There are 2 protein chains.
Amino acid sequence: MTKSSKGQNIELDLDRVAANGLLSRRHLLSAALGGAGLAMARPVIGQEPGINLEIPAWSKTPGPGTSPYGNRSAHAQLERQSGFGNPLYPGGGASRSPLQHLQGTITPNSLHFERHHAGIPAIDPAGHKLVIHGLVHQPLVFDYEDLLKYQMVSKIYFLECSGNSGALLYGGNPDGTAQSLHGLVSCAEWTGIPLSALLEEAGLLPEARWIAAVGADAASMGRSIPLDKAMDDSLLALFQNGEPVRPEQGYPMRLFNPGWEGNTSVKWLTQIKVTRNPLQFRDETSKYTDTLPDRTSLQFTFPMDVKSLITSPSGQMRVTQGDIYRVTGIAWSGAGSIRRVEVSADGGQTWGDALIESQQLDKALVRFSIPWKWNGAPAVLQSRATDSAGNVQPTRDAVIAAKGTINRYHNPCIQSWGVNTAGEVTNVYV
Amino acid sequence: MTKSSKGQNIELDLDRVAANGLLSRRHLLSAALGGAGLAMARPVIGQEPGINLEIPAWSKTPGPGTSPYGNRSAHAQLERQSGFGNPLYPGGGASRSPLQHLQGTITPNSLHFERHHAGIPAIDPAGHKLVIHGLVHQPLVFDYEDLLKYQMVSKIYFLECSGNSGALLYGGNPDGTAQSLHGLVSCAEWTGIPLSALLEEAGLLPEARWIAAVGADAASMGRSIPLDKAMDDSLLALFQNGEPVRPEQGYPMRLFNPGWEGNTSVKWLTQIKVTRNPLQFRDETSKYTDTLPDRTSLQFTFPMDVKSLITSPSGQMRVTQGDIYRVTGIAWSGAGSIRRVEVSADGGQTWGDALIESQQLDKALVRFSIPWKWNGAPAVLQSRATDSAGNVQPTRDAVIAAKGTINRYHNPCIQSWGVNTAGEVTNVYV
């Protein structure tokens with residue numbers, strides 16, 4: 001039994017919004033609204049002026065001064081987690097964002113997930129060219145400095161690898177974390193030139209229907225993109241959260257296709273060929289196709305689905321009986337903005353509406369939260385997002401029923417975090 | 001005379017929106033819209049497949065693999081610029097964001113401006129306390145881990161030092177850059193707990209009117225804040241662009257007062273005393289008051305004014321006769337969102353509307369641009385912002401007429417960048 005700061009009995013006042021401990025958000029917002037606060041603060045011993053707090057060492061001596069480039073606190077050294085390096089592909093691999101430790105919606109550039117097929121080319125922008133050719137009136141070549149003179153657009157967008165969350169399809173990974181299971185999604189403000197402006201400058205021929213985008217990395221990563229997308233909201237991105245695009249994100253320039261699978265946003269972009277048909281690059285035949293149970297494959301499955309994820313509490317965390325937690329996470333959709341996020345603490349039997357704590361931008365992460373009091377019994381925490389197009393995040397069973405378990409791409413399924421009687425949180429399949 | 005990619009004569013097609021070379025934005029957007037593009041790309045020599053580009057070295061060999069914490073390109077090493085260190089205040093000083101090299105609206109955390117009065121305390125969050133006391137029902141003390149359990153809000157806000165642009169009031173600094181003159185403004189997504197929630201948990205007494213906020217740095221930086229603001233949109237900020245607040249921004253926690261002068265957003269926040277009257281801290285008497293010509297001083301001048309700044313072309317840059325430039329910059333207001341930015345190339349005689357390239361959020365930076373063709377004659381580039389409350393950015397003369405030249409705080413005046421016949425861009429007073 002917990003007492004609020006005013007001595008009121010919290011148990012009596014808790015508004016339940018769904019079974020197994022999900023509470024009304026006013027319990028995280030304010031003690032005053034309902035008279036029943038979290039009471040996580042401790043009353044000060046003795047009234048002022050007798051507040052008896054030791055002066056810490058860092059308040060007694062001046063600290064170091066300014067610096068040209070700031071660093072993180074020694075107590076907050078978040079890191080990406082690397083995975084699936086393959087000796088056959090030197091430099092290739094991925095690293096995942098520490099989702100369980102991030103808040104808000106923006107991913108710092110140093111922690112943005114990365115994925116590349118032949119390592120990160122060390123490009124000198126003075127020697128980098130972007131060529132637009134193929135079905136155009138006039139092939140063009142652009143220098144980096146040329147491109148900085150074009151009108152740009154700045155938008156906050158999520159980026160997600162189509163292989164993100166793939167492990168959930170075949171099960172296993174009970175020790176998985178939000179980062180190791182789902183860390184191939186991040187979000188940044190991307191600034192660049194509408195690709196339509198550059199294509200129109202070259203002049204599209206009437207038979208143009210696709211573009212083929214090729215990177216300057218040693219993998220010559222290539223993808224075919226329908227011209228409709230390229231002329232809609234695709235960017236030639238030059239800046240990421242205000243500064244030049246990072247090397248592992250394509251410095252000095254990358255294609256950025258908002259809401260689409262990450263690999264189509266070709267990094268280190270050096271060539272755009274306008275074509276009548278897709279070019280069937282190695283990377284869109286051997287990879288990035290969704291193989292169905294009958295061994296046929298879906299190709300060009302570009303948009304990312306509506307999806308959400310509880311980032312805390314999540315895998316390898318621990319909760320304490322009787323405590324109230326801020327259940328929080330992220331949601332996103334390639335089809336628009338997020339309209340609603342629901343949370344369940346009983347494996348999807350009952351749901352409560354979470355609060356959206358952030359802006360709700362098109363094709364960008366949102367942050368949600370809902371208070372939850374753990375009563376000590378086994379629980380299964382889930383979140384379920386709905387987007388502005390009315391799409392509802394599916395269960396794992398529904399994803400498997402639709403596309404089987406051979407496929408490793410495009411898995412937006414609801415994540416289940418199990419809580420056992422010891423308070424341990426793990427990835428479970430329910 | 002420039003030719004477009006289709007060989008059309010650009011001179012004939014240019015839409016002028018204001019005198020001295022300001023053009024319609026379609027000249028930066030697309031060649032196709034008006035038939036007159038920038039033509040900054042070069043036609044490829046010979047038609048495909050004969051595109052004759054050398055394969056660069058970085059495309060021939062795999063590069064390095066993933067990393068736990070990403071770094072910038074060796075070709076994009078932006079830095080803050082330090083200024084006004086004072087031997088009497090060890091560790092104190094400021095560093096300024098490289099505004100002329102940033103794009104979009106978000107400032108990367110490592111490049112966010114900093115200002116502190118006794119250096120940066122190296123705080124271990126496990127030993128940091130936040131006390132709320134004074135005119136409350138129950139004084140409370142919060143640990144860092146306690147605070148992470150509260151419902152949070154994520155918002156993108158600018159932060160500006162009230163001393164930013166102060167040098168323009170007394171003139172001089174012809175060699176100044178956007179960074180050295182105006183670099184004490186930055187913008188980030190701040191995530192934290194509404195301060196109202198914590199104050200309500202302590203329970204405000206009826207006579208409460210102000211709060212006094214004190215930092216844990218060796219300067220014991222303190223500011224008095226009207227309770228109305230604290231209960232409105234003030235945050236206890238714990239995260240900055242997704243990751244824990246940086247040490248020079250107040251790790252592990254800072255006050256954040258959206259739209260108000262930066263020093264009120266007390267860093268390393270350790271104490272909030274609820275009071276009837278302002279406490280008259282050293283930092284709100286010896287500093288941060290605006291001294292008028294008659295030597296009286298305005299105190300508690302909290303909100304930052306509507307303001308804008310051309311970041312490129314800007315001081316110490318150079319332009320070439322006949323070239324078309326993307327004139328770009330940032331605008332912001334403590335009173336709301338930015339509604340309009342105008343640009344002049346003739347020192348304020350005629351104005352053209354700039355395009356807003358970014359979102360227009362409340363109390364956040366926006367990015368604007370307008371194309372400009374320099375004809376080789378002397379020019380003066382200026383920008384002028386209007387906010388959602390109808391406030392219009394004033395001229396320098398108007399600011400001086402209102403508050404004189406002794407004052408060094410709250411200068412939102414229009415910046416004039418002069419262009420001489422050699423194409424050199426400098427800070428000028430017109």
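Me: Which residues of H7(B) are buried?
Reply: Keep in mind this is a predicted model. Helix H7 of chain B spans residues 195-202 and is mostly covered, with six of its eight residues buried. Buried here takes 20 or more other C-beta atoms within 10 Å of a residue's own. The ones that make the cut are B:Leu195, B:Ala197, B:Leu198, B:Leu199, B:Glu201 and B:Ala202.

Me: What phi does B:Gly203 take?
Reply: B:Gly203 sits just after H7(B). Its phi is positive, at about 85°.

Me: Which strands are the edges of the open sheet with the order E4-E5-E6 in chain B?
Reply: That sheet has three strands, and the pairing is antiparallel. An edge strand pairs on one side only, and that picks out E4 (81-83) and E6 (114-116) of chain B.

Me: By how much are neighbouring strands of this sheet turned against each other on average?
Reply: The sheet in question is the open one in chain B, ordered E4-E5-E6. Ignoring direction, the average turn between neighbours is 15°.

Me: Which residue in E6(B) does B:Ser95 stand opposite?
Reply: Strand E5 of chain B covers residues 93-96, and its antiparallel pairing with E6(B) runs over three bridges. Across from B:Ser95 in E6(B) you'll find B:Glu114.

Me: Which helix gives the most to the side of chain A that touches chain B?
Reply: Contacts between the chains involve 112 residues of chain A and 113 of chain B. By class, chain A's side has 50 nonpolar, 39 polar and 23 charged residues. The top helix there puts in five residues, and that's H7 (residues 195-202) of chain A.

Technical notes
Residues numbered from 1 in each chain as written. Chains lettered and ligands numbered in written order. Predicted model: local features only at pLDDT ≥ 70, side-chain atom pairs only at ≥ 80, totals over all residues. Buried ≥ 20, exposed ≤ 12 C-beta atoms within 10 Å, placed from the backbone. Helix = DSSP H or I, 4+ residues; strand = E, 2+ residues; numbered from the N terminus. Pairing = 2+ DSSP bridges. Axes fitted to C-alpha atoms, helices over the stretch in contact; angles between N-to-C directions. Contact = placed C-beta atoms within 7 Å. Nonpolar A, V, L, I, M, F, W, Y, C, P; charged D, E, K, R; others polar.
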